[in-house]
Amino acid sequence: AERLAAEVHRRTGTEVAPISAANGAGLEQFDSLVRPRETAVLLGSSGAGKSTLINALLESQQQPTAQVREGGCRGRHTTTSRELFLLPAGWMLIDTPGLREVEAWDAAGAVDEVFDEITALAAGCRFSDCRHRDEPGCAVRQAEADGEIEPDRLEHFLKLTAETSAQETRRQGRIGARAIRQFNKMRERRWSSE
């Protein structure tokens, strides 16, 4: 677990804390990761063990849990509502029913910050809209070929960049749809008053 945590940290810059609700290993790390009066949320698929982890942190059985399925070693969906818990160290934790992901408000800025060396290299690309795939004069791909960037790290960057671009496209679509609805309502009001 320690080796995998170090590898994830090296590739993404994300702090990783290996823990075990079953034997209590690593639970003390939470108090150093989350400060008093802050709130954390557990994300993971249904049956991943979020409620089991909360019970371990609270040192009491407050959330219902279920045994792991025989044969598939997969957990069972048990939590049916979100709940906020106050931990002894003074921070709060939200348990969620099967919430697997959240979107960042400034996802593009976060990607640029985590992958700052790739963002800096991208400024040297021949084209300002370079996608870092197969465009000629791509400084990022050249750095990868020269061994300055690990291929896995670059692929992770490209995947996150595509996700944030899709997120922005969806957001713009919602804004456009809302503007069209407002325009149509205004037009209907104007015609009905004439």
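How many aromatic pairs does the structure hold? Just one.

Before the details, some ground rules: this is a predicted model, with local features needing pLDDT of at least 70, side-chain atom pairs counting only at pLDDT 80 or more, and totals for chains, interfaces and linings using all residues. Residues are numbered from 1 along each chain as its sequence is written, and side-chain values use heavy atoms, with hydrogens and water left out.

The pair is Phe115 with Phe157, edge-to-face at 5.5 Å centre to centre and 65° between the planes. For reference, rings of Phe, Tyr and Trp (its six-membered ring) pair if their centres lie within 6.5 Å; planes under 30 degrees apart are stacked, over 60 edge-to-face, and the rest tilted. Phe115 sits in the loop between α4 (107-114) and α5 (116-122) while Phe157 is in helix α7 (residues 151-193), so the pair ties together parts 42 residues apart in sequence. Helices here are DSSP runs (H or I, at least four residues), numbered from the N terminus.

Here's how buried things are (under 20% relative accessible area; 1.4 Å probe, protein chains only):

| Residue | Relative accessibility |
|---|---|
| Phe115 | 1%, buried |
| Phe157 | 6%, buried |
| Glu144 | 19%, buried |

Leaving out residues up to four places away in sequence, Phe115 touches Arg11, Arg153, His156, Phe157 and Leu160, where contact means heavy atoms within 4.5 Å. Arg11 is 104 residues from Phe115 in sequence, yet their C-alphas are 9.5 Å apart.

As for Glu144, helix α6 (residues 139-145) is its home. With the same sequence neighbours left out, Glu144 touches Ile149, Pro151 and Leu154.

Terms used:
Helix = DSSP H or I, 4+ residues; strand = E, 2+ residues; numbered from the N terminus. Buried < 20%, exposed > 50% of the residue type's maximum accessible area, 1.4 Å probe, protein only.
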